[in-house]
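Student: Could you take me slowly through one part of this structure, and show me how that part sits within the rest of the chain?

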Amino acid sequence: MLRAIKISQFAALLVFVLILSGCAPADLGDKLKEFDEKVGQKLDRLQEEQQEDLSNIFDKGKKPPEAKDLTREQKEGIDGWLEKNNLNRYGDSTDMMYAGGTPLFNEATGESIDRYDYILKNHPNLLDELGK
């Protein structure tokens with residue numbers, strides 16, 4: 001639903017820009033259809049990449065500590081490291097967008113992962129770096 005709202009808001013903005021640019025009304029429908037297809041393709045591609053990344057995380061051979069074994073101090077250290085390195089709460093760049101809103105759920109398999117497990121699998125040496 002949120003995706004539909006954002007796309008419709010963006011489409012409305014696009015219509016406004018096209019009207020101001022002098023685009024012929026007959027071309028407007030074709031341009032919007034083309035735009036919608038491109039946005040859909042981009043979103044599909046991002047979702048596929050995200051699912052692949054999540055599958056790779058579940059398949060990695062190295063076993064970092066699990067979130068259930070982390071102390072409160074270690075979790076606070078990880079959160080501080082994320083903030084210090086200008087990363088989002090999942091340890092990715094702050095401009096990262098996720099299909100479904102989170103990287104913690106694999107829609108293809110139905111598997112979910114704890115946030116700290118996700119971070120440690122992407123940053124396996126983080127606890128060593130933090131000295132924790």
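Tutor: A nonpolar surface patch is made of residues with over 30% relative accessible area and no salt bridge, with nonpolar side chains joined within 5 Å. In this predicted model, such a patch of about 310 Å² is made by Phe 10, Leu 13 and Phe 16, and Phe 16 is found in helix H1, which covers residues 2-21. With that view of the outside in mind, let us look closely at helix H4 and its surroundings. The chain has five helices and two strands, arranged along the sequence in the pattern α-α-α-β-β-α-α. H4 is mostly covered, since six of its eight residues are buried, namely Arg 115, Tyr 116, Asp 117, Tyr 118, Ile 119 and Leu 120, whereas 27% of the 132 residues of the chain count as buried. At the N-terminal end of H4, Asp 114 acts as a cap, with a side-chain oxygen 2.8 Å from the backbone nitrogen of Tyr 116. Tyr 116, Ile 119 and Leu 120 are also among the ten residues of the largest nonpolar core, which includes Ala 67, Ile 78, Trp 81 and Leu 127 as well. Helix H3 (72-84), helix H4 (115-122) and helix H5 (126-130) each supply at least two residues of this core. Apart from it lies another core, of five residues, among them Tyr 90, Tyr 98, Ile 113 and Tyr 118. Returning to Ala 67, and leaving aside its neighbours within four places in sequence, we find this residue in contact with Lys 75, Asp 114, Tyr 116 and Asp 117.

Technical notes
Residues numbered from 1 in each chain as written. Predicted model: local features only at pLDDT ≥ 70, side-chain atom pairs only at ≥ 80, totals over all residues. Heavy atoms only, no water. Core = buried A, V, L, I, M, F, W, Y, C linked by side-chain atoms within 4.5 Å. Buried < 20%, exposed > 50% of the residue type's maximum accessible area, 1.4 Å probe, protein only. Helix = DSSP H or I, 4+ residues; strand = E, 2+ residues; numbered from the N terminus. Contact = heavy atoms within 4.5 Å. Polar contact = N/O pair within 3.5 Å; in protein donor to acceptor, adjacent residues only side chain to side chain. Patch = residues over 30% accessible without salt bridge, like charges linked within 9 Å, V, L, I, M, F, W, Y side chains within 5 Å. Areas by Shrake-Rupley, 256 points an atom, 1.4 Å probe, with all protein chains shown as cover. Salt bridge = Lys/Arg side-chain N within 4 Å of Asp/Glu carboxyl O.
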